[in-house]
Amino acid sequence: MRIAVALGAGGARGYAHIGAIQVLEERGFDIVAIAGSSMGALVGGLYAAGKLDAYADWVRTIGQRDVLRLMDPRAGAPGAIRAEKIMARVSELLDGVRIEQLPVPFTAVATDLLARRAVWFQHGPVDIAVRASIALPPAITPVMVNDRLLADGGLMEPLPMAPTVIMPADAVVAVSLKAAGTDAHPATAVRESADPQPGQGRPDHPRGPAAFVDRVISHGVSDDGGPAANAAAETITTDEGKRGQLPADLRVTDVMSLSLEAVRDLLIRYQVASYPPDLLIEVPTNAVRTYDFHRATEMIESGRQATLDALASSPFG
């Protein structure tokens, strides 16, 4: 079966995409198109370029100290991590390949912070598109491409379903690193090239729909059974008049990650409902922390198991 695959955002949990792809190929699925946000874009780009096995071999050797050395911190920058050392290895593997040269059609999703909308890369150097897609604030510095200030694709499209529906495939498979819901309004995006275009400003789209997040905010909590209703506020009481103790192991990075996950959860509900996949593979949110990039072996296996479980309960099994 010819399938288009959407790979979601989720930090170190994104290693699970490697295991998911391995199982899909072992089961005889022919991946004819792939779209990814954040780590999904990194894994997807490497797969489309035929370099995923080499990347998987590399990340399996990375320990916690190695991650700290690869982080490439920079004081005073608009992000704690430049990620240049990590991207140097990725760029080495990709060897200058362009998206339009890939044997498998590939879309990397980033977020234009100023225009407040998703950006799809379907042309230009793969490594530049991937670098833009993985710029998770406030950890990883954003990048400028064609006068756009670009950050992590997971901010707008944490599970990029829309790019897969235009692909000539028999079915769509989505790998979500967060539980998803069932009903929604469609997201919109603009297409962009990763080629540098000096002096070209950001194009105006007066007829374009509002940014997806703006629509989510404007719709708010509804009573129509849609995703907003599923994410409705819970009423609680403060009768005891006192606050509890924060978890002893709660870190600043955990708070940031949990905040992003709260928004991603609602966005994924909308995206899956707008473009329902034929097979949804879900990786547990609590499998690892967002920045546990030294746990590749564990997460690859988690992705394999999640895929086997999803196939076993689907018509494809």
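Start your tour by selecting Leu246, which lies in the loop between α8 (227-230) and α9 (252-274). Keep in mind as you go that this is a predicted model. With a relative accessibility of 68%, Leu246 counts as exposed. Now add Leu250 and Val255 to your selection: together with Leu246, they make a nonpolar surface patch of about 270 Å².

**A patch of charge**

Next, clear the view and pick Glu25, which you will find in helix α1 (residues 16-26). Glu25 is partly exposed, and its relative accessible area is 43%. Which residues gather with Glu25 in a patch of negative charge on the surface? Select Asp30, Asp53, Asp57 and Asp170 to see them.

**Salt bridges**

How many salt bridges does a search of the whole structure find? The search finds six. As background, side chains of opposite charge can pair when their charged atoms come close. Let's visit some of these pairs.

Select Arg89 and Glu92 and show their side chains, which meet in a salt bridge with an N to O distance of 3.2 Å. Both residues sit in helix α5, and because they are three residues apart there, about one helical turn separates them. Look at the surface around each partner: Glu92 counts as exposed at 55% relative accessibility, while Arg89 is partly exposed at 24%.

Now go to Asp112 and Arg148, another salt bridge, in which the closest N and O atoms are 2.9 Å apart. Asp112 belongs to strand β3 and Arg148 to strand β6, so this pair ties together parts that are 36 residues apart in sequence. Are these two residues buried or exposed? Both Asp112 and Arg148 are buried, so each has under 20% relative accessible area.

For the next stop, select Arg295 and Glu298, whose side chains meet in a salt bridge of 2.7 Å from N to O. Then add Asp292 to the picture: salt bridges that share partners join Asp292, Arg295 and Glu298 into one network. Within this group, Arg295 is partly exposed with a relative accessible area of 25%, and Glu298 is also partly exposed, at 38% relative accessibility.

**Two backbone angles to check**

Here is a fact to carry with you: most residues other than glycine have a negative phi. With that in mind, select Asp95, in the loop between α5 (84-94) and β3 (106-112). What is the phi of Asp95? The angle is positive, at about 55°, although Asp95 is not a glycine. Asp95 counts as exposed, with 66% relative accessibility.

Move on to Asn146, in the loop between β5 and β6 (148-152). Asn146 is not a glycine either, yet its phi is positive, at about 50°. In contrast to exposed Asp95, Asn146 is buried, with a relative accessible area of 8%.

**Last stop: a polar contact**

Finish at Thr141, which is placed in the loop between α6 (126-133) and β5 (143-145). Thr141 is buried, and its relative accessible area is 8%. Which side chain does Thr141 meet in a polar contact? Show the side chain of Arg131 as well, and you will see the two joined by a polar contact of 2.8 Å.

Technical notes. Residues numbered from 1 in each chain as written. Predicted model: local features only at pLDDT ≥ 70, side-chain atom pairs only at ≥ 80, totals over all residues. Heavy atoms only, no water. Patch = residues over 30% accessible without salt bridge, like charges linked within 9 Å, V, L, I, M, F, W, Y side chains within 5 Å. Areas by Shrake-Rupley, 256 points an atom, 1.4 Å probe, with all protein chains shown as cover. Salt bridge = Lys/Arg side-chain N within 4 Å of Asp/Glu carboxyl O. Lys, Arg positive; Asp, Glu negative; His and termini not counted. Charge placed at Lys NZ, Arg CZ, Asp CG, Glu CD. Helix = DSSP H or I, 4+ residues; strand = E, 2+ residues; numbered from the N terminus. Buried < 20%, exposed > 50% of the residue type's maximum accessible area, 1.4 Å probe, protein only. Polar contact = N/O pair within 3.5 Å; in protein donor to acceptor, adjacent residues only side chain to side chain.
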